[in-house]
Amino acid sequence: MPLAGAVTPGAIGTAPAGAGAGIAAGGTDPAAFGNAVTQGLEKLQAMHSTTDSLAVQAVTGNLADIHDYTIAANEAAVATQLTVAVRNKAVDAFTEIMRMPM
Amino acid sequence: MAGPFGAIDTAGTGLVLHRTWLDAVADNIANVNTVRPTSGEAFRARYVVAEAANYGGTDGVRVAGAEFGDAQGRMTYQPDSPLADAQGYVRLPDIDLADQMSQLIMAQRGYQANLAVVERATAAYQQAIGLGR
């Protein structure tokens, strides 16, 4: 794939979401956001286990490339920050709704 | 389809290549004084061949293979060497230390440049996450 394709607007956003498509389509499925979060957490879990196994390789002397570990740790950290940011936004939205006067 | 960390993964392939290059230069420098008898081949310098590649959607570079230097080496007159032939000659590798040091610098700078890409991309992604916080 040419690199130009990587900068297509929305390409990054649509890639990992999958289940999140339901939200954009109208948000009728109440579980859509929950599914998207669950999927995101599963991917995050996979990234962290990759990082963990690389860390074990590093301390046992089986790691050929040091940067394999640092890059995996880096990506896992950024993905965690993203997940936490999304979670915080969702919680903010929820509390905002709960504060709505009736 | 490049993942969300396309730039970082691409820089990772560059890191692998430059690490391999560093290994090759280290081997060449380590063997710069390796003496061989004239009946055999001299130590042959290793040169890493790079090639643009695509890893299932992620662009990058990969090691296409290694090329080897001259097997003739430099015929050097060392009559005291136990490996010397009847005329007193041995084979030293055809490696120019100055050339290897320049390659070392290029490999190191390339490695650093790829690490800088990882750093900058991480900073950019973090700023994007911080948007509207």
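Select Gly3(B) to begin: this glycine is partly exposed, because 16 other C-beta atoms lie within 10 Å. (On this scale a residue is buried with 20 or more other C-beta atoms within 10 Å of its own, exposed with 12 or fewer, and partly exposed in between; C-beta atoms are placed from the backbone.) Gly3(B) sits in the segment before helix 1 (6-30) of chain B. Helices here are DSSP runs of H or I with at least four residues, strands are runs of E with at least two, and both are numbered from the N terminus.

You are looking at a predicted model, in which local features need pLDDT of at least 70, side-chain atom pairs count only at pLDDT 80 or more, and totals for chains, interfaces and linings use all residues. Residues are numbered from 1 along each chain as its sequence is written, while chains are lettered from A and ligands numbered from 1 in the order in which they are written.

**Stop 1: the helix pair of chain B**

Keep helix 1 of chain B selected and add helix 2 (residues 97-129) of chain B. The two axes come within 9 Å and cross at roughly 160 degrees. Axes are lines fitted to C-alpha atoms, for helices over the stretch in contact, and angles run from 0 to 180 degrees between N-to-C directions. Helix 1 and helix 2 of chain B are therefore roughly antiparallel to each other; the labels are roughly parallel under 35 degrees, roughly antiparallel over 145, roughly perpendicular from 65 to 115, and oblique for the rest. Their contact includes Leu15(B), Trp21(B) and Leu22(B) of helix 1 of chain B, and Leu104(B), Tyr111(B) and Val118(B) of helix 2 of chain B. Contact here requires C-beta atoms, placed from the backbone, within 7 Å.

**Stop 2: the strands of chain B**

Now select strand 2 (residues 46-55) and strand 3 (residues 58-68) of chain B, which run antiparallel and are joined by 10 bridges. Two strands count as paired if DSSP finds at least two bridges between them. To follow the pairing, pick Tyr47(B), which stands opposite Glu67(B) in strand 3 of chain B, and then Ala50(B), whose bridge partner in strand 3 of chain B is Val63(B). The two strands form a hairpin with two residues between them, and Gly56(B) in the turn has a positive phi of about 50 degrees.

Next comes an open sheet of three strands in chain B, with the order 1-5-4 and antiparallel pairing. Strand 1 (36-37) and strand 4 (74-77) of chain B stand at the edges, each with a single partner strand, so one side of each has no neighbour in the sheet. Strand 4 of chain B is joined to strand 5 (residues 89-92) of chain B by four bridges. Pick Met75(B) and you will find Arg91(B) of strand 5 of chain B opposite.

How far apart in space are Gly3(B) and Thr76(B), C-alpha to C-alpha? A distance label between them should read 55 Å, with 73 residues of separation in sequence.

**Stop 3: chain A**

Switch to chain A, which has four helices and zero strands. Of its 102 residues, 11% are buried. Select helix 3 (residues 32-60) of chain A, whose 29 residues reach 42 Å from first C-alpha to last, close to the 42 Å expected. The expected span is 1.5 Å times one less than the number of residues. Gly40(A), Thr51(A) and Leu54(A) are buried in helix 3 of chain A. Just after this helix, Gly61(A) has a positive phi near 80 degrees.

Add helix 4 (residues 66-98) of chain A: its axis and that of helix 3 of chain A come within 9 Å and cross at roughly 155 degrees. Among the residues in contact are Leu44(A) and Met47(A) of helix 3 of chain A, and Tyr69(A) and Ala76(A) of helix 4 of chain A.

**Stop 4: where the chains meet**

Leave helix 4 of chain A on screen and bring back helix 1 of chain B. They pack at an angle of about 170 degrees with their axes 11 Å apart, which makes the two roughly antiparallel. His67(A), Ile71(A), Asn74(A) and Glu75(A) make the contact from helix 4 of chain A, with Ile8(B), Gly12(B) and Leu15(B) from helix 1 of chain B.

What covers the buried residues of helix 4 of chain A? The cover includes helix 3 of chain A together with helix 1 and helix 2 of chain B. To see what lies beneath, select the buried residues of helix 4 of chain A, among them Ile71(A), Ala72(A) and Val78(A).

Notes
Contact = placed C-beta atoms within 7 Å.
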